[in-house]
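Colleague: I have a few bench questions about this chain. Could you take me through them one by one?

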Amino acid sequence: MTDVEENVPLKDPGDAESGACKPETSGPTREDMSSPKDHPSRLIDTVNDVSKLSKEIGMNHDFHMEEKVLPPSSLEGRVKETMHNAFWDHLEEQLLATPPDFSCALELLKEIKEILLSLLLPRQNRLRSEIEEGLDMNLLKQEAEHGALDVPHLSKYILNMMTLLCAPVRDEAVQKLENITAPVRLLRGIFQVLGLMKMDMVNYTIQSLQPQLQEHSIQYERAKFQELLNKQPSLLDHTTKWLTRAAADLSTPPPSCPDTPDSSSVVCPSPSEAANSPEPLSPKMVLSQGFLNLLLWDPEDEEFPETLLMDRAQLQELEAQLHQLTILASVLLVASSFSGSVLFGSPQFVDKLKRITKALMEEFKSRPEEEAVLTVSEQVSQEIHRSLENMGLAALSSDNTASLIGELQNITRKENCVHSVIDQRIHLFLKCCLVLGVQRSLLDLPGGLTLIEAELAELGQKFVNLTHHNQQVFGPYYTEILKTLIPPAQALETELGSL
């Protein structure tokens, strides 16, 4: 799931509570886009004419939007809550006045009517007519002028209509509203649930339009890139170097795991596992290797492939997530080698250890990893001691405790054998995801990765979505480049065309 908190074309009913009777509507804003330049670094500015949201929807089949929830303790959250309360208090004063003042109530009813109509599908003409008749604003204004506007009755009518229109997941929320008798509380609850129903409709619409949005994004990005390529024929130079390097990597056996003192309790891969003989080159394997190399890209290397400039920020996020999973799996693997199968056979213990490690790894963002990992090693050691004691198992000896802490303190070093093995295996998993798909790759996880299966599935799906979209956009260009890199005897034309 992707959380989108900006540019949401929905109006929180609570936004109506700023003191004015009529709710304010805020729509998405779009920055002025600069005109395209010939230099490849301007590709991002060019393609920004396409909504990034549209591209995200096309790439992520599980995409859905969620309402932005402000922390109650934040300044913005406190201000919003204060303004909302002030509005509803003002509405209550108007309704309790003698004679009642229905000016704000009418505006709210008008807004509710608009929301209900927006929830209808084109074919629901009968319900549309019922809402137009039941909430006839001209008639309601006349009733208000004569002091005869029945707000509780109208609220019940609105609830009945919400029951017909809401998704099953909202049935319980609507039913709870039926127990509210205070008119203002009921109206406030109606607005809150209608906001959720609007979000449900937006997500339904997104899912319905996803194929069209995806195709639009693909065609638009390709067309814009072709325009730049026509102006600057050398625009694919870095992409060609990137794929050439990937082909060379596949032709060279991978290095074996370094043998360090830190690897005493975890065995490195066998020679057959660490250094397989190179397979014949194929377009699919070269491209997969190229995508994997992007997760190891040197930030100082400015020769980033032009076809992936738009995805560079997301690739960096995936690289950071991969690094964190490498450390998490390494910590769990080292901890299991010391604490034994009984302790790690407890799902509760494993989950708790993962939560502790993930929380402590947040310090990596503000402190050097070498310093932050000291805290990780101490907390993990303490948790193992505590859990062994609670389960009535023998405690670790002082020597084993010292060894455990020592190995954990070195776990972030890339030359550490455990870190290196886990890193290689996660990359192997991601490579399998590109070739076989995520679900099939999860069926046979490499050793040491089973404890982070859920996290790997999320990482793998994001990586596959990004690379799949990129191939759909730039496949024709990759095809022409790969024809020059792979001998015809090793790559059939049909496989090249499949890109």
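Short questions and answers on this predicted model follow.

Colleague: How many helices and how many strands are in the chain?
Modeller: Both types of element were looked for along the chain. The count of strands is zero, and the count of helices is 20.

Colleague: How many disulfides does the structure hold?
Modeller: A disulfide is a covalent bond between the sulfur atoms of two cysteines. The cut-off for the sulfur pair is 2.5 Å. Take C433: its closest cysteine sulfur, in C432, is 7.2 Å away, so that pair is too far for a bond. For the structure, the number of disulfides is zero.

Colleague: Is C433 buried or exposed?
Modeller: Buried means under 20% relative accessible area. C433 has 1%, so C433 is buried. C166, with 11%, is also under that cut-off, so C166 too is buried.

Colleague: Which residues make the nonpolar surface patch of about 280 Å²?
Modeller: Start with L75, which lies in helix 3, residues 75-96. The cut-off for exposed is over 50%. L75 has a relative accessible area of 60%, so L75 is exposed. The patch is made by L75, V79 and M83.

Colleague: What share of the accessible surface belongs to carbon and sulfur atoms?
Modeller: The accessible surface of the chain comes to about 25,900 Å². Of the 499 residues, 44% count as buried. The carbon and sulfur share of the surface is 53%.

Colleague: What share of the contacts with a separation of 6 or more comes from residues 24 or more positions apart?
Modeller: The tally leaves out pairs with a separation under 6. Within it, residues 24 or more positions apart account for 73%.

Note on methods. Residues are numbered from 1 along each chain as its sequence is written. This is a predicted model: local features need pLDDT of at least 70, side-chain atom pairs count only at pLDDT 80 or more; totals for chains, interfaces and linings use all residues. Side-chain values use heavy atoms; hydrogens and water are left out. Buried means under 20% relative accessible area, exposed over 50%, partly exposed in between (1.4 Å probe, protein chains only). Patches are made of residues with over 30% relative accessible area and no salt bridge: like charges are joined within 9 Å, nonpolar side chains (Val, Leu, Ile, Met, Phe, Trp, Tyr) within 5 Å. Accessible areas come from the Shrake-Rupley method with a 1.4 Å probe; for residues, only the protein chains shown count as cover. A salt bridge is a side-chain nitrogen of Lys or Arg within 4 Å of a carboxyl oxygen of Asp or Glu. Helices (H or I, at least four residues) and strands (E, at least two) are DSSP runs, numbered from the N terminus. Contact means heavy atoms within 4.5 Å.
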